[in-house]
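Visitor: Could you walk me through this one while I have it open? I'd like to go feature by feature.

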Amino acid sequence: METNLAEKARQIRKDVLAMVLEAGSGHLGGSFSATDILVALYYHQMRLFPDPNDPRRDRFVLSKGHAAPALYAILADKGYVDKKELHRLRRLGSLFQGHPDTAKCPGLDCTTGSLGQGLSVAGGLAYGLRYQHADAKVYVLTGDGELDEGICWEAFMSSANFKLDNLTIIIDRNGLQLSKPTEELMKLENLHAKLEAFGLAVDEIDGHDFEAIVSALDKQYEGKPHVIIAHTVKGKGVSFMEHEVAWHGGIPKGEQIDRAYAELGGRMNG
């Protein structure tokens, strides 16, 4: 299983690179740090159906909406949208806008973009599903820089207050924001202790270790929302992008493009 997920993640990163290069804009660093988590969710964990609106499905919210290229690549790979859309990222009329838009793209459960709002929406989805006595679960992926927003902490507090144990929150803890490291801009640590103090069940993992990701996703804590702090590398998979804040929204050029594709195993097909 782990090998299959790793190969799928490599493919998704190649697709993301091709999409962003063709668009001439996008967010490679955060898309690459989140790819392994998204692959584990969509190819192992979540209950999905051919109809993306099937009410039995698990729900997913990409709160860090700028990482949309990774999610789009997965939706195309799973057949929810035509793979031709991979060539239309950020174009007028495209299903694949710069941030997820449920009015345009099938397979999305939430429109995101204004950072911080996704956690609250996910909490509302989880509360609503419980009210309906549905056994579907809600997963939300947030960035660590996003946690500067007060609305996130309100969402942590309310989800714990309502005992939303059908909610799993994954924090993409790559340590970098738009312009500098999180701990230089707005300190988050001790993040684990803070979240536990808010009444959440917390696990910390290597966000690029599929065995650890899957093991954590399989956990459920009765009466408590589950938070997974996934320690990741911004730009993961392309050595010169890793740990570099410049690749939050940077676009490779010239020899960098060839090197990036070489490290990811070749260019995208089709």
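Visitor: What comes after helix 3, and what is the sign of its phi?

Guide: Helix 3 is followed by Gly79, and the phi of Gly79 is positive, near 90°. Please keep in mind throughout that this is a predicted model.

Visitor: Is helix 3 itself largely enclosed or open, and why?

Guide: Helix 3 is largely enclosed by the rest of the structure, because 10 of its 10 residues are buried. Among them are Pro69, Leu71, Tyr72 and Ile74, together with Asp77.

Visitor: Which side chain does Asp77 meet in a salt bridge?

Guide: The partner of Asp77 is Lys8, and the salt bridge between their side chains has an N to O distance of 2.9 Å. This pair links distant parts of the chain, since Lys8 sits in helix 1 (residues 2-23) and Asp77 in helix 3 (residues 68-77), 69 residues apart.

Visitor: How many salt bridges are there in the whole structure?

Guide: A search of the whole structure gives 14 salt bridges. As background, side chains of opposite charge can pair when their charged atoms come close.

Visitor: Which residue pairs with Asp203, then?

Guide: Asp203 forms a salt bridge with Lys219, side chain to side chain, at 3.3 Å from N to O. Here too the pair links distant parts of the chain, with Asp203 in strand 4 (residues 201-206) and Lys219 in the loop between helix 8 (210-217) and strand 5 (226-231), 16 residues apart.

Visitor: And is Asp203 buried or exposed?

Guide: Asp203 is buried, because its relative accessible area is 12%, whereas Lys219, at 36% relative accessibility, counts as partly exposed.

Visitor: What about Arg259 and Glu263, how far apart are they in helix 9?

Guide: Arg259 and Glu263 are four residues apart in helix 9 (residues 255-264), so about one helical turn separates them. Their side chains meet in a salt bridge, with 3.2 Å from N to O. Both ends are partly exposed, Arg259 with a relative accessible area of 43% and Glu263 with 27%.

Visitor: Which residues are joined into one network by salt bridges that share partners?

Guide: That network is made up of Asp144, Arg173, Glu183 and Glu189, joined through salt bridges with shared partners.

Visitor: Changing topic to the surface: which residues make the nonpolar patch?

Guide: Tyr127, Tyr131 and Phe162 make a nonpolar surface patch of about 370 Å². Of these, Tyr127 lies in helix 4 (residues 117-131), and at 38% relative accessibility Tyr127 counts as partly exposed.

Visitor: How do helix 4 and helix 5 pack, in terms of angle and axes?

Guide: Helix 4 packs with helix 5 (residues 150-161) at an angle of about 25°, and their axes are 7 Å apart. The two helices are therefore roughly parallel to each other, given that angles under 35 degrees count as roughly parallel. Their crossing is left-handed.

Visitor: One last spot: where is Ala134?

Guide: Ala134 is placed in the loop between helix 4 and strand 2 (138-143). With a relative accessible area of 30%, Ala134 is partly exposed.

Visitor: And how far is Ala134 from Arg56, in sequence and in space?

Guide: Ala134 and Arg56 are separated by 78 residues in sequence, while in space their C-alpha to C-alpha distance is 7.7 Å.

Notes
Residues numbered from 1 in each chain as written. Predicted model: local features only at pLDDT ≥ 70, side-chain atom pairs only at ≥ 80, totals over all residues. Heavy atoms only, no water. Patch = residues over 30% accessible without salt bridge, like charges linked within 9 Å, V, L, I, M, F, W, Y side chains within 5 Å. Areas by Shrake-Rupley, 256 points an atom, 1.4 Å probe, with all protein chains shown as cover. Salt bridge = Lys/Arg side-chain N within 4 Å of Asp/Glu carboxyl O. Buried < 20%, exposed > 50% of the residue type's maximum accessible area, 1.4 Å probe, protein only. Axes fitted to C-alpha atoms, helices over the stretch in contact; angles between N-to-C directions. Parallel < 35°, antiparallel > 145°, perpendicular 65-115°, else oblique. Left-handed = near helix turned anticlockwise from the far one by under 90°.
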